Amino acid sequence: MAENYVRLYWEKIQSGEIATCRRLKQQYQKLIEELDNPRDPWVFDLEAANRPIQFIEQFCRHSKGKWLGQPVQLELFQKAKLQAIFGFVHKETGLRRCREVLTIEGRKNGKSTEMAALALYMMVGDGEGGPEVYCVATKRDQARIVFTEAVNMRDQSPALRAHLKKRKTDLYFPLIFGKFEPLASESNSLDGLNSHGVIIDELHAIKDRNLYDVMKQSMAAREQPLLAMITTAGFVRECIYDDIYKYACDVLDGIVEDERFLAFIYELDDRSEWTDFRAWEKANPGLGTIKSYEELAANVERAKNDPSFLPTVLTKDFNIRETRAGTWLTFEQANCEKEFSLEDLRDTYAIGGVDLGATTDLCAAVAIVKKPGDQDLYVLAQGFMPEENIETRTREDKVPYDRWVERGLITPCPGNRVDYRYVTDWFMKLHTEHGISCYWVGYDSWNSPAWVEDMEARLGYERGKNLLPVIMGAKTLSAPMKELKAELSGKRINYNRNPVLLWALTNMAVEVDKNENIRPVKGQHQRQRIDPAVALIIAYTVLQNRLEDYKALIGGD
C-alpha cells in the first residue's frame, strides 16, 4: 500500500528528527487533524495524492550539476506537500480542493526542479482537457527558468519527448491540446487566458499586484485549477509578497477561513537563529541532500564578518524579511503588528512633525499621542503627493503609491507640486473631526516658510511656541534617534500598521560622525523615500525635548 507521506513527515517533525518552524507546524497540524477527522464533503484520496509523485519520479530527470540525467527522487518534504495539495478531494466529484498554494523556502532547495515537474504533470497527468499551464514572473528571463527546466526534462524522457512538442514559445501536448508557456508582467497577452495551472516564480520580485490578480482570475472557468507560488523572502516593500504572506499567516492562525489555500512556510522562528546550525533546516528543508550544508555554513561565516552580506543571507537563506545593507533598522525592528482606532485617541493632545522637503514627490506629517498610564506611543502618519506624479512614480519607482492613495494613506494634491495647505488641512482635521490636538509641531525650517505662515494664519500657531524648528544635524537628532530605535525594537511605537511609514523606516540609512552621532539619510536607492520616517523622527525629537511639559499637559507619566 502507498505511504501516507503527510503523516510520516508529521511524525518526524513531532519526534524532533526534522527541525521545522512554527508556521510549518501549524499547516501540518491542520492537515493531520483533518486526516483524523474528515470534514464533509472532503476526503483524503491516497491514490490521487500519489499521482503527481509517481509521474514526477517516473518521467522527470535532472538537467544540472551532479544529478544530470538522474531520475528526480522527491524528498519527504516535497512528497508530503504534493499529497497535501492533490490528496484532499470532493467525495462525490473527485475534484481537488486545493486551488492555491504558497511555498517559501530558502534558495537552492530544489524549487525550480519541483515546479518544472509540477508544470509537466498539470499539463499531462491532471486529467484536464486543453490545459493551459503558465509560469509567470516579473521578467521573461525569470519565467523561463522553470520553463527551460521542464523542456530539459522533456528532452531526457522518451515518453514525454514522444508526446510533447517544443514550439517556439511553449511546450505543446497535441493529444489533449495542452500547453506550457512562460509569461512575464511585460507580456501583452495576459488577458484572455484560460489557465489550468499557474506557477508564480519568486513572488517576492513581483512589484505589480496586477500580475497575480490577472493570473488568478484567468482560472475561473476551470474545475480544479491550481495556482502555485514559490519564493524566498524579499527585501521589504509593500508588495504582493507581503500581502500573500500576511494572508497565509491569517489562514494558519485561524483568523481567515480558506480551506482551498495551503501555505508551506520554511523560515527561522527568530532572527537570532541564523548562527545556530541546528535551526538552519527550518528554512532549508533540503539541507544536506539538495542544498549543500558546507555552502550554507560558508555563507553564514562570511555574513558574520561582512555586514553588507548579512541581509542577503538572512533574506535568501533563512527567509527573514530584511532591509538592505546599511539601513537603520531591520525589518524585525521596524515592524509592529499593533493596531488602534482613531476613537481610541479622541480628545487627546499630540505632538506633530512634518518633513516638507520633497515638494515634487512625497512629503509627510506625523502626530504622536501618549496616553496616561500607557507605555506605548500612538502614531498617525500621512503622506502627500502631487496628483499628476502618482501614476508615473508608481510605474517607474515600482512603489504602490496608487494603492496607498486609495487607502487614504497618501493625500493627492492637485498639480505637480505638493500644496502645503493640505498638510495644514490634515492637522486641522485631526482636531475638528477626531479631537486630536497637536500642541507642538516640529519641522525642518528649510523649505517651510510658506507652510509655517499657513499654520499661523489658519490654526493660530506661533513660531517658537507651538511651531518648533528642528535642526536636522547629528547633534540634535542622534540621541532621539537612538531612543526611537529602542522604542521601535520594543514594539512600543504603535503606528497602526501604516505601510507607508513601515516602508520609510526600512528605507532609511544613517550617517555616523566621528563622535558616533547619527542623522538620517537616504540609502543607496534614491527612489525609496524616507520622508514619513523623518517626520516621525522630528516629532519624536520634539517629544523628547518637551517630555516633562507634555506629561504635565496630559496629566500622567
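In the predicted model, contacts between residues at least 6 apart in sequence are made up, to 73%, of pairs at least 24 apart. The secondary structure of the protein comprises 20 helices and 19 strands.

The overall dimensions were examined next. The C-alpha trace spans about 80 × 50 × 50 Å along its principal axes. For a chain of 557 residues, a compact globule would be expected to have a radius of gyration near 24 Å, and the value of 27 Å found for the protein agrees with this. Of the 557 residues, 56% count as buried. The exposed area of the protein is about 23,900 Å², of which 47% is supplied by carbon and sulfur atoms.

Charged side chains number 74 positive and 84 negative. The centres of these two sets are separated by 4 Å.

The cysteines were considered with respect to disulfide formation. With a cut-off of 2.5 Å between sulfur atoms, the count of disulfides is 0. Two cysteines illustrate this outcome. For cysteine 21, the closest cysteine sulfur belongs to cysteine 249 and lies 9.5 Å away, which is too far for a bond. Cysteine 21 has a relative accessibility of 0% and therefore counts as buried, the threshold being under 20%. For cysteine 60, the closest cysteine sulfur is that of cysteine 135, and because the distance is 15 Å, a bond is ruled out. Cysteine 60 likewise counts as buried, because its relative accessibility is 0%.

At the local level, helix H11 was examined for burial. This helix runs over residues 310–317 and is mostly covered, with 7 of its 8 residues buried. The buried set consists of Leu310, Pro311, Val313, Leu314, Thr315, Lys316 and Asp317. The charged residues Lys316 and Asp317 are thus listed together with Leu310, Val313 and Leu314 among the buried positions of H11. In an α-helix there are 3.6 residues a turn, so residues three or four places apart point the same way. The cover over the buried residues of H11 includes helix H10, residues 293–305. Just after H11, asparagine 319 adopts a positive phi of about 55°.

Terms used. Residues are numbered from 1 along each chain as its sequence is written. This is a predicted model: local features need pLDDT of at least 70, side-chain atom pairs count only at pLDDT 80 or more; totals for chains, interfaces and linings use all residues. Side-chain values use heavy atoms; hydrogens and water are left out. Helices (H or I, at least four residues) and strands (E, at least two) are DSSP runs, numbered from the N terminus. The radius of gyration is taken over C-alpha atoms; the globule rule is 2.2 Å times the number of residues to the power 0.38. Buried means under 20% relative accessible area, exposed over 50%, partly exposed in between (1.4 Å probe, protein chains only). Contact means heavy atoms within 4.5 Å. Accessible areas come from the Shrake-Rupley method with a 1.4 Å probe; for residues, only the protein chains shown count as cover. The place of a charge is taken as NZ of Lys, CZ of Arg, CG of Asp or CD of Glu.
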